[in-house]
Each structure stands twice: as C-alpha cells, then as structure tokens.
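Please open the model in your viewer and keep the sequence panel beside it. The stops below are given as selections, each followed by what is to be found there.

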Amino acid sequence: MLFFFFQAEDGIRDLVRSRGLGDVYKRQPEASVDTLSLSLGRDRALLVSRKKLKDKTKERIIIDEKTISITYEITVRNTKSFPVKMDVTDQIPLSQDPDIKIALINGDGSSLDAETGILVWDLSLKANESKKLKFTYEVRVPKNKNLAGL
C-alpha cells in the first residue's frame, strides 16, 4: 500500500492513497470570512435588461481630441411577492493606451472599482418593484485614432 503527501496551493497537506489520478488539492475557505457566496443560477422572478441609450450618446471634437459620452440604462424588476436584496454589477471599459482616457461621469449611486472598471449597485427591491439604473462614461481619444465597438 502506497501513500503520498501532496502539497496543495493553500499549504494544506492531504494524505491520499495514490490511484494515478493526478494532484489532490484540498481547499479551505479563508478563516476570516464567515460568508460564502454561491450562485444558484438565474432567478426567473428577477428580470434585468440593459440597453444603450442612443439619445444620450454624444460625440464632440475639440481641437485635437474626440470625446464620446455613452449612457446605459439597466432596468431591474422584482416579480416576487416579497422584497429582495441584490447586487447589480456592470463594467465600464478600461484603456491600456495612455492616449485614451476613460472616466465615469455618472454612476447613479454605484460604487466603482477603478482598477477593474466594475460598477456595483446594492439594491433592495420591494415586491413587484422596478428600478432603473443609469450610468454614463466618457472616452477621450486623439481625433486621429479610431476606436471600434463604441
């Protein structure tokens, strides 16, 4: 009978009888966290839609710079017969080009992680309540550069 010790990524060793199946990892939740978030799939009673508002999208050229403002609207509706708490997450684009500047103009009460561009709204919806969330970001780019996808 053979026994092997495997060093897991989180530093926990696990004594496992080898059957030639590869490495064994034993994951442990962080000791400092008392909550584990799990996604159980889509809840069909919570309806979410997202659309780009055409009338709120503007393009301006000032001297050597083109500025594009883009607005999105997210509609969230709770069709349940009881209130729910939820986080709504979206993202603004990020630029790796130092000539292209992107800034959040209006986050409608969201919190922004500047490193990832992720916006998070913490919502509480009553039974059969709907909320509209809007956010606007601005892209500043030299007028001689073309951007795709905006």
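Begin by selecting phenylalanine 135 in this predicted model: with a relative accessibility of 0%, phenylalanine 135 counts as buried, since the cut-off for that class is under 20%. Now add tryptophan 121, whose ring forms a tilted aromatic pair with that of phenylalanine 135, the centres being 5.9 Å apart and the planes at 50 degrees. Tryptophan 121 belongs to strand β9 and phenylalanine 135 to strand β10, so this pair ties together parts that are 14 residues apart in sequence. Tryptophan 121 is buried, as is phenylalanine 135.

How many aromatic pairs does the structure hold? There are two, and the other one comes into view when you select tyrosine 72: its ring centre lies 5.6 Å from that of phenylalanine 135, and the planes meet at 25 degrees, so the pair is stacked. Here tyrosine 72 comes from strand β5 and phenylalanine 135 from strand β10, so the parts tied together are 63 residues apart in sequence. Tyrosine 72 also counts as buried, at 15% relative accessibility. With Tyr72, Trp121 and Phe135 displayed together, you have one aromatic cluster on screen.

Widen the selection next to the largest nonpolar core, which has 20 residues, and in which Val76, Val88, Trp121 and Phe135 touch the most other members. Strands β5 (65-78), β6 (84-91), β9 (118-125) and β10 (130-142) each supply at least two residues of this core. To follow the contacts of one member, centre on valine 88, which, leaving aside residues up to four places away in sequence, touches Ile74, Val76, Leu119, Val120, Trp121, Leu123 and Leu133.

From the core, turn to the charged side chains, where the structure holds eight salt bridges. Select aspartate 90 and arginine 50, which form a salt bridge with their closest N and O atoms 2.6 Å apart; the pair links distant parts of the chain, aspartate 90 being in strand β6 and arginine 50 in strand β3, 40 residues apart. Aspartate 90 is buried, with a relative accessible area of 13%, whereas arginine 50 is partly exposed at 44%.

Glutamate 73, in strand β5, is the next residue to centre on, and is it buried or exposed? Glutamate 73 is buried, its relative accessible area being 8%. Beyond residues up to four places away in sequence, glutamate 73 touches Ser49, Arg50, Lys51, Leu53, Lys132, Leu133 and Lys134. With lysine 51, glutamate 73 forms a salt bridge in which the closest N and O atoms are 3.9 Å apart, and this pair links strand β5 to strand β3 across 22 residues of sequence. Lysine 51 is partly exposed, with a relative accessible area of 46%.

For another salt bridge, select lysine 145 and aspartate 97, whose closest N and O atoms are 2.3 Å apart. Lysine 145 lies in the segment after β10 and aspartate 97 in the loop between β6 and β7 (101-106), so the pair ties together parts that are 48 residues apart in sequence. Returning to glutamate 73, show Lys51, Glu73 and Lys132 together: salt bridges that share partners join these residues into one network.

Finish in the loop between β2 (13-17) and β3 (46-52), where leucine 36 is placed and is exposed, at 68% relative accessible area. Together, Leu36, Leu38 and Leu40 make a nonpolar surface patch of about 430 Å². Arginine 44 is also found in the loop between β2 and β3 and is exposed, with a relative accessible area of 65%.

Definitions and conventions. Residues are numbered from 1 along each chain as its sequence is written. This is a predicted model: local features need pLDDT of at least 70, side-chain atom pairs count only at pLDDT 80 or more; totals for chains, interfaces and linings use all residues. Side-chain values use heavy atoms; hydrogens and water are left out. Patches are made of residues with over 30% relative accessible area and no salt bridge: like charges are joined within 9 Å, nonpolar side chains (Val, Leu, Ile, Met, Phe, Trp, Tyr) within 5 Å. Accessible areas come from the Shrake-Rupley method with a 1.4 Å probe; for residues, only the protein chains shown count as cover. A salt bridge is a side-chain nitrogen of Lys or Arg within 4 Å of a carboxyl oxygen of Asp or Glu. Helices (H or I, at least four residues) and strands (E, at least two) are DSSP runs, numbered from the N terminus. Buried means under 20% relative accessible area, exposed over 50%, partly exposed in between (1.4 Å probe, protein chains only). A nonpolar core is a set of buried Ala, Val, Leu, Ile, Met, Phe, Trp, Tyr and Cys residues joined through side-chain atoms within 4.5 Å. Contact means heavy atoms within 4.5 Å. Rings of Phe, Tyr and Trp (its six-membered ring) pair if their centres lie within 6.5 Å; planes under 30 degrees apart count as stacked, over 60 as edge-to-face and the rest as tilted.
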